[in-house]
Amino acid sequence: MTNIPKELYETLGAKKLIRYWNYRYEYHSTITKDGYQIGLHRIPCPRDQPYNRSKCPVLLWHGLSNSSEIYIAGTPDSSLAFVLADAGFDVWLGNSRGSKYSNKHSTFNLGTSQGQKDYWNFNIEHLALYDLKSSVDYILSITESQKLSYIGFSQGSAKAFMALSLDEELNHQINHMIGLAPALKPRKIPGSILSTTLNYIKPSRIFNILGSKDFFPIAHSFRPSLLSIQSNATLIRYTLYLLLNWKMKRFGNHQQEWMALQNIFSTTSVQNVVHWFQILGDNRFASYREDENVGVIHTNNRITIPNLIYPTRHITTSITLFCGKDDNLSDIVALKSHLPDHTKIFEIDDYEHLDLIWSHDAPDKIFHPIIKTLKTVWNLKDKPISKFHFHSVPYNDDFDDIPKAAENASSWELFGFLK
């Protein structure tokens, strides 16, 4: 694996991370049906190649309290987005509402307390049925393609399960879904702070502790500007160990670990976290529900019927999942029982949750099998992946294409569940 230059640790933000390695970069945005601006990063072609966009768009989506940076937090041979671009795919990186690249709204005044309350009034279902759908529609419109492939990490796979189980049109638009450390009904983790919280605190009571707006608002402060690179990584490592019992032994050298962990966090809503706690506590992959006894009521924003158990076995899109055998969040038994029979599941020995994207051998065990799968889906000839000599290169302003924000609020129905 290529070493990470020291100057890259200070290269913060998706645009700079992508341009550092001399990939072409585009920024796009789309407006969801309920007015949220969703930021999309695009890497349209291989590194140092002529500007010839691929006809095979692939949309990557991050997990809970992450951003698109998780797919570019490394070198070209260790970051999934770069590996896919060098294999010839048109790579798009999605960002859920509330994260650092999707933090605006078309009507809410975020400078007021009421605007903030209205903005953070969303859960996983909104990410699935609005953010994902709007992004897919936009990408297909821009690329003039009839279909795209989708890759989701953790919550990024859960939102796809939700959306595909309810939106018939989306099953025709996504020709293949790939889940990395997929979440559907996560397992409880004995001895962790997370499990202790579930045992003693009712999910909806989290609002009384954390408020009703953004979860982890200091997420962007976990940066080497406040701490040394090593101290920053150590703090995050121990936080994740206490919360989730993650040991993170497969990141390779310290450089890769430091780079990955400084790009791990972004913001989301408290309601989104509460939704996950409901799923964990009830052991049901179901829609969000209000608790009127808590005194924190958000909704006029319900999308589906209350306590809907998502009909995930109805999904017709082909699915491939990569699961770590040591992943204490991804419940393989639940995935097998709740997803359609055509789902293919690959179990990787000694892999924890984050190893699916950041393990030192993820390029061989995960990324290259993904490329092989996608080439089969797109009926491409099995050509070897281009190899480059990775080194630091200066920015090239000619690579920075930033189209104007575009609105995309298509009309669609979800089997009668939408208002």
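Where do K133 and D137 lie, and how many residues apart are they?

1. Both K133 and D137 lie in helix α4, at a separation of four residues, which is about one turn of the helix. In this predicted model, the two residues form a salt bridge in which the closest N and O atoms are 3.3 Å apart, and both K133 and D137 are buried.

2. K133 also takes part in a salt bridge with E169, where the closest N and O atoms are 2.7 Å apart. This pair links distant parts of the chain, since E169 belongs to helix α6 (residues 168-173) while K133 belongs to helix α4, and the two are 36 residues apart. The partners can also be described by their accessibility: E169 counts as partly exposed at 38% relative accessibility, whereas K133 is buried, with a relative accessible area of 1%.

3. Helix α4 appears again in the salt bridge between the side chains of R97 and D131, with an N to O distance of 2.7 Å. Because R97 lies in the loop between β4 (90-94) and β5 (104-105) and D131 lies in helix α4 (residues 124-143), the pair ties together parts that are 34 residues apart in sequence. R97 counts as buried because its relative accessible area is 1%, and buried means under 20%; D131 is likewise buried, at 0% relative accessibility.

4. Turning to the structure as a whole, a search finds 14 salt bridges. Some charged residues are joined in a network rather than described as a single pair, and E26, R42 and D90 are linked in a network of salt bridges of this kind.

Note on methods. Residues are numbered from 1 along each chain as its sequence is written. This is a predicted model: local features need pLDDT of at least 70, side-chain atom pairs count only at pLDDT 80 or more; totals for chains, interfaces and linings use all residues. Side-chain values use heavy atoms; hydrogens and water are left out. A salt bridge is a side-chain nitrogen of Lys or Arg within 4 Å of a carboxyl oxygen of Asp or Glu. Buried means under 20% relative accessible area, exposed over 50%, partly exposed in between (1.4 Å probe, protein chains only).
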